[in-house]
Amino acid sequence: MAGWFELSNSKDGQFRFVLKAGNAETILTSELYKARASAENGIASVQKNCAEDGRYERKEAKDGRHYFNLKAANHQVIGSSQMYASAASCEKGIESVKKNGSSTEVKDKTDA
């Protein structure tokens, strides 16, 4: 499954995007943006940087499960993946996003 971005708006009218990439069903959600253009700039930033110079930070939760954060360009933390039972599974999730996360496809779920 290739990576794709879903642009949507929340009930309060703000915009966000979700990155879905690879067989690991990794989901990364951005912060909320007040303007659609800002969210689109965020998507463009991740598309450009996630496979190139994006930084992935793997951490272990208190319950022993693993997760990772993606940092790209001017965004501090784009989002966190689902929790993984093992470090190896988490690493596979990171590789999946690196490989599939720079898709140019955007699914628009906004009302605008």
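Helices and strands are runs assigned by DSSP, with at least four residues for a helix and at least two for a strand, and they are numbered from the N terminus. In the predicted model shown here, two helices and seven strands can be picked out. Walking along the sequence, one meets them in the pattern β-β-β-α-β-β-β-α-β.

A look at the protein as a whole is a helpful next step. The protein has 112 residues, of which 42% count as buried. Its exposed surface comes to about 6400 Å², and 45% of that is supplied by carbon and sulfur atoms. Among contacts between residues at least 6 apart in sequence, 49% join residues at least 24 apart.

What lies inside? In soluble globular proteins, nonpolar side chains tend to be buried together. Here, the largest nonpolar core holds 17 residues, and F17, L19 and F68 are the ones that touch the most other members. At least two residues of this core come from each of β1 (4–9), β2 (15–21), α1 (36–49), β5 (66–72) and α2 (87–100). Strand β2 gives the most, with four residues.

One residue of strand β1, E6, deserves a closer look. Is E6 buried or exposed? Its relative accessible area is 10%, and because buried means under 20%, E6 counts as buried. Which residues does E6 contact, once its neighbours within four places in sequence are left aside? The list is made up of R16, F17, V18, K20, K107 and K109. F17 thus appears twice in this account: as a contact of E6 and among the core residues that touch the most other members.

Definitions and conventions
Residues are numbered from 1 along each chain as its sequence is written. This is a predicted model: local features need pLDDT of at least 70, side-chain atom pairs count only at pLDDT 80 or more; totals for chains, interfaces and linings use all residues. Side-chain values use heavy atoms; hydrogens and water are left out. A nonpolar core is a set of buried Ala, Val, Leu, Ile, Met, Phe, Trp, Tyr and Cys residues joined through side-chain atoms within 4.5 Å. Buried means under 20% relative accessible area, exposed over 50%, partly exposed in between (1.4 Å probe, protein chains only). Contact means heavy atoms within 4.5 Å. Accessible areas come from the Shrake-Rupley method with a 1.4 Å probe; for residues, only the protein chains shown count as cover.
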